[in-house]
Amino acid sequence: MSIPAELKYTKDHEWIRIDGDTATVGITHFAQGELGDIVYVEVETLDETLNKDEVFGTVEAVKTVSDLFLPLTGEIVAFNEALEDDPELVNKDPYGEGWMIKLKIANTEEVTDLLDADGYASIIGA
């Protein structure tokens, strides 16, 4: 199972790629595998500022609907519009084309609360 070392992770199975004061967020390979075939990604919080751990959207799979939790406090500045027509990108390429949002980080100190690849691997038993 792929757990890229350059990313950060949450216990709720989101991954975070940090570039300066912007973060790209998606769900992990493990999470998409547990959900199964993803049929819809909904993010209605574009241009909103949310606190860490608040729900920023939902992902709907054939079997279930799951909330998406914001890994860091900040403003959601972009949504991956490709997911509107092709939500399966999350299954096919969760760490690349299947990204979900971009976030302008409000509190960089929260980054220290995120997991590294080894920490995330221990949570999922990899």
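**A walk through the predicted model**

Lys 11 and Asp 12 join their side chains in a salt bridge, with 3.7 Å from N to O. Lys 11 is exposed, at 56% relative accessible area. Asp 12 is partly exposed, at 28%. The model is a predicted one. A search of the whole structure finds four salt bridges, and two others come up below.

Start with the sheet. Six strands build an open sheet, in the order 1-2-3-9-8-5, with antiparallel pairing. Strand 1 and strand 5 (49–50) stand at the edges with a single partner strand each, so one side of each has no neighbour in the sheet. Strands of a sheet pair through backbone hydrogen bonds, either parallel or antiparallel.

Now cross the sheet from the strand 1 edge. Strand 1 runs antiparallel to strand 2 (residues 14–19), and two bridges join them. Lys 8 has Ile 16 of strand 2 as its bridge partner. The hairpin of these two strands has four residues between the strands, and His 13 takes a positive phi there, near 75 degrees.

Strand 2 then meets strand 3. Six bridges join the antiparallel pair. Asp 19 is partnered by Thr 22 in strand 3. This hairpin has two residues between its strands, and Gly 20 in the turn has a positive phi of about 70 degrees.

Next comes strand 9. Strand 3 (residues 22–27) pairs with strand 9 in the antiparallel sense, over four bridges. On the other side of strand 9 in the sheet order, strand 8 (residues 74–79) is joined to strand 9 by five bridges, again antiparallel. Lys 102 of strand 9 is a useful marker here. Thr 24 stands opposite Lys 102, and Lys 102 is also the bridge partner of Ala 78.

Which residues of strand 9 lie on its covered face, and which on its uncovered one? Ile 101, Leu 103 and Ile 105 make up the covered face of strand 9 (residues 101–105). Lys 102 and Lys 104 make up the uncovered face.

Lys 104 also takes part in a salt bridge. Its side chain meets that of Asp 21, at 2.6 Å from N to O. Asp 21 lies in the loop between strand 2 and strand 3, and Lys 104 lies in strand 9, so the pair ties together parts that are 83 residues apart in sequence. Asp 21 is partly exposed, with a relative accessible area of 36%. Lys 104 counts as partly exposed too, at 39%.

The sheet ends at strand 5. Two bridges join strand 5 to strand 8, and the two run antiparallel. Thr 49 has Glu 75 of strand 8 as its bridge partner.

Beyond strand 5 sits another salt bridge residue. Lys 52 and Asp 113 bring their side chains together at 3.0 Å, N to O. Lys 52 lies in the loop between strand 5 and strand 6, and Asp 113 in the loop between strand 9 and helix 4, so this pair ties together parts that are 61 residues apart in sequence. Lys 52 is partly exposed, at 25% relative accessible area. Asp 113 is exposed, at 52%.

Helix 4 follows that loop. At the N-terminal end of helix 4, Asp 116 acts as the cap, with a side-chain oxygen 3.3 Å from the backbone nitrogen of Asp 118. Within helix 4 (residues 117–124), Ala 117, Gly 119, Tyr 120, Ala 121 and Ile 124 are buried. An α-helix has 3.6 residues a turn, so residues three or four places apart point the same way. The buried residues of helix 4 pack against strand 1 (8–9) and helix 1 (29–35). After the helix comes Gly 125, with a positive phi near 75 degrees.

Tyr 120 leads on to Thr 28. The side chains of these two residues are joined by a polar contact of 2.8 Å. Thr 28 sits in the loop between strand 3 and helix 1. Is Thr 28 buried or exposed? Thr 28 is buried, because its relative accessible area is 0%. Residues that touch Thr 28 include Tyr 9, His 13, Trp 15, Pro 94 and Tyr 120.

Finish on the surface. Val 39, Tyr 40 and Val 62 form a nonpolar patch there, with about 290 Å² of accessible area together. Val 62 is in the loop between strand 6 (55–61) and strand 7 (65–69). Val 62 counts as exposed, because its relative accessibility is 61% and the cut-off for exposed is over 50%.

How values were computed: Residues numbered from 1 in each chain as written. Predicted model: local features only at pLDDT ≥ 70, side-chain atom pairs only at ≥ 80, totals over all residues. Heavy atoms only, no water. Patch = residues over 30% accessible without salt bridge, like charges linked within 9 Å, V, L, I, M, F, W, Y side chains within 5 Å. Areas by Shrake-Rupley, 256 points an atom, 1.4 Å probe, with all protein chains shown as cover. Buried < 20%, exposed > 50% of the residue type's maximum accessible area, 1.4 Å probe, protein only. Pairing = 2+ DSSP bridges. Contact = heavy atoms within 4.5 Å. Polar contact = N/O pair within 3.5 Å; in protein donor to acceptor, adjacent residues only side chain to side chain.
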